[in-house]
Amino acid sequence: MSTTANTSSPRSGVRRVLHDNGLGIVFGVLFLLMLGGQAVSGHAYFNDQQISEGVEPVSLGHYLTSSSFAVDVVENWQSEYLQFFLYIFATVWLVQRGSSESKEVDDVGPESERDQRIGQYAGPGSPRWARTGDWRTVVFSRSLGLVMGGIFLLSWGAQSVAGWAAFNAEQLTSRQDPVTWLAYLGEPEFWNRTTQNWQSEMLAVGSMAVLGVYLRQRGSPESKPVGAAHADTGETG
């Protein structure tokens with residue numbers, strides 16, 4: 001009797017890590033590439049403005065440590081984390097019939113401990129803080145939204161400080177008096193930077209929730225199965 005050797009072998013440690021974490025790794029690399037592209041293009045644009053104003057251009061290193069670069073970066077970060085923070089909490093109580101981004105229309109609210117596998121209903125693989133049933137479970141059960149909200153507040157605060165420094169630099173260049181941080185928070189420039197990012201995030205989230213009712217992307221967990229009915233809610237492909 002002849003036997004056939006099993007030619008399939010388990011993935012090596014490195015390949016397993018890359019396979020199991022591909023989404024985070026790819027988007028992490030893309031983030032660094034885009035940040036590098038922003039740094040190079042922003043530096044060129046900044047120096048174009050410097051030259052047009054009769055001021056000496058600056059080195060890339062000087063630009064990367066400037067308030068101009070910092071405010072351009074963090075003003076986008078804060079809007080992204082605001083989007084996730086609001087969406088995480090909004091989807092606890094709000095639904096969109098037919099959307100894979102929504103819970104079932106009758107599951108509004110934080111759901112039961114059985115449904116959430118909390119305390120006595122926790123399984124062997126449940127996180128330890130989900131099993132305790134005390135304040136740790138309360139904190140852990142809201143940890144994603146709280147962290148996203150915290151990052152939003154930190155990045156928004158960083159935007160206000162960096163924007164304030166950049167604003168005052170322009171004020172001094174124009175031979176005008178600088179303003180205090182609190183005064184800057186009332187400046188149209190600060191709110192223009194803020195709201196132009198916020199409106200785009202709200203449009204993107206709303207569009208995703210509604211378009212997913214009628215459109216599909218085969219194989220994506222952000223979409224319903226291709227053959228799912230438009231009214232099917234909470235299904236992923």
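The following exercises, with worked solutions, concern a predicted model.

**Exercise 1. Length of a helix**

Determine whether the span of helix α8 agrees or disagrees with the expected value.

Solution. Helix α8 comprises the 31 residues 143-173. The expected span is 1.5 Å times one less than the number of residues. For α8 this gives 45 Å, and the C-alpha atoms at the two ends are 45 Å apart, so the expected and computed spans agree. Just after α8, Arg-175 takes a positive phi of about 60°.

**Exercise 2. Two aromatic pairs**

Classify the ring pair Phe-31 and Trp-77 as stacked, tilted or edge-to-face, and do likewise for Phe-190 and Trp-191.

Solution. Ring centres within 6.5 Å make a pair; planes under 30 degrees apart count as stacked, over 60 as edge-to-face and the rest as tilted. The count comes to 14 aromatic pairs. In the pair of Phe-31 and Trp-77, the centres are 6.1 Å apart and the planes stand at 50°, so this pair is tilted. Because Phe-31 belongs to helix α2 (residues 22-52) and Trp-77 to helix α4 (residues 67-93), the pair ties together parts that are 46 residues apart in sequence. For Phe-190 and Trp-191, the centres are 5.1 Å apart and the planes at 75°, so that pair is edge-to-face. Phe-190 and Trp-191 also belong to one aromatic cluster, whose members include Phe-152, Trp-156 and Tyr-184.

**Exercise 3. Exposure of the paired rings**

State whether Phe-190 is buried or exposed, and describe its partner Trp-191 in the corresponding terms.

Solution. Under 20% relative accessible area a residue is buried, and over 50% it is exposed; partly exposed lies in between. Phe-190 has a value of 3% and is therefore buried. Trp-191, at 36%, is partly exposed. In the tilted pair, Phe-31 is partly exposed at 38%, and Trp-77 is partly exposed at 37%.

**Exercise 4. Packing of α2 and α4**

Describe how helices α2 and α4 pack.

Solution. Two packed helices are described by the angle between their axes and the distance between the axes. For α2 and α4 the angle is about 140° and the axes are 10 Å apart. This angle makes α2 oblique to α4. The crossing of the two helices is right-handed. The residues that meet include Phe-31, Leu-35 and Phe-46 in α2, and Phe-69, Val-73 and Trp-77 in α4.

**Exercise 5. The setting of Asn-197**

Locate Asn-197 and identify which residues it contacts beyond its sequence neighbours.

Solution. Asn-197 is placed in helix α10 (residues 188-214). Its relative accessible area is 9%, so Asn-197 is buried. Leaving aside neighbours within four places in sequence, Asn-197 is in contact with Glu-75, Asn-76 and Ser-79.

Key. Residues are numbered from 1 along each chain as its sequence is written. This is a predicted model: local features need pLDDT of at least 70, side-chain atom pairs count only at pLDDT 80 or more; totals for chains, interfaces and linings use all residues. Side-chain values use heavy atoms; hydrogens and water are left out. Helices (H or I, at least four residues) and strands (E, at least two) are DSSP runs, numbered from the N terminus. Rings of Phe, Tyr and Trp (its six-membered ring) pair if their centres lie within 6.5 Å; planes under 30 degrees apart count as stacked, over 60 as edge-to-face and the rest as tilted. Buried means under 20% relative accessible area, exposed over 50%, partly exposed in between (1.4 Å probe, protein chains only). Axes are lines fitted to C-alpha atoms, for helices over the stretch in contact, and angles run from 0 to 180 degrees between N-to-C directions. Angles under 35 degrees count as roughly parallel, over 145 as roughly antiparallel, 65 to 115 as roughly perpendicular and the rest as oblique. A crossing is left-handed if the near helix is turned anticlockwise from the far one by less than a right angle, and right-handed if clockwise. Contact means heavy atoms within 4.5 Å.
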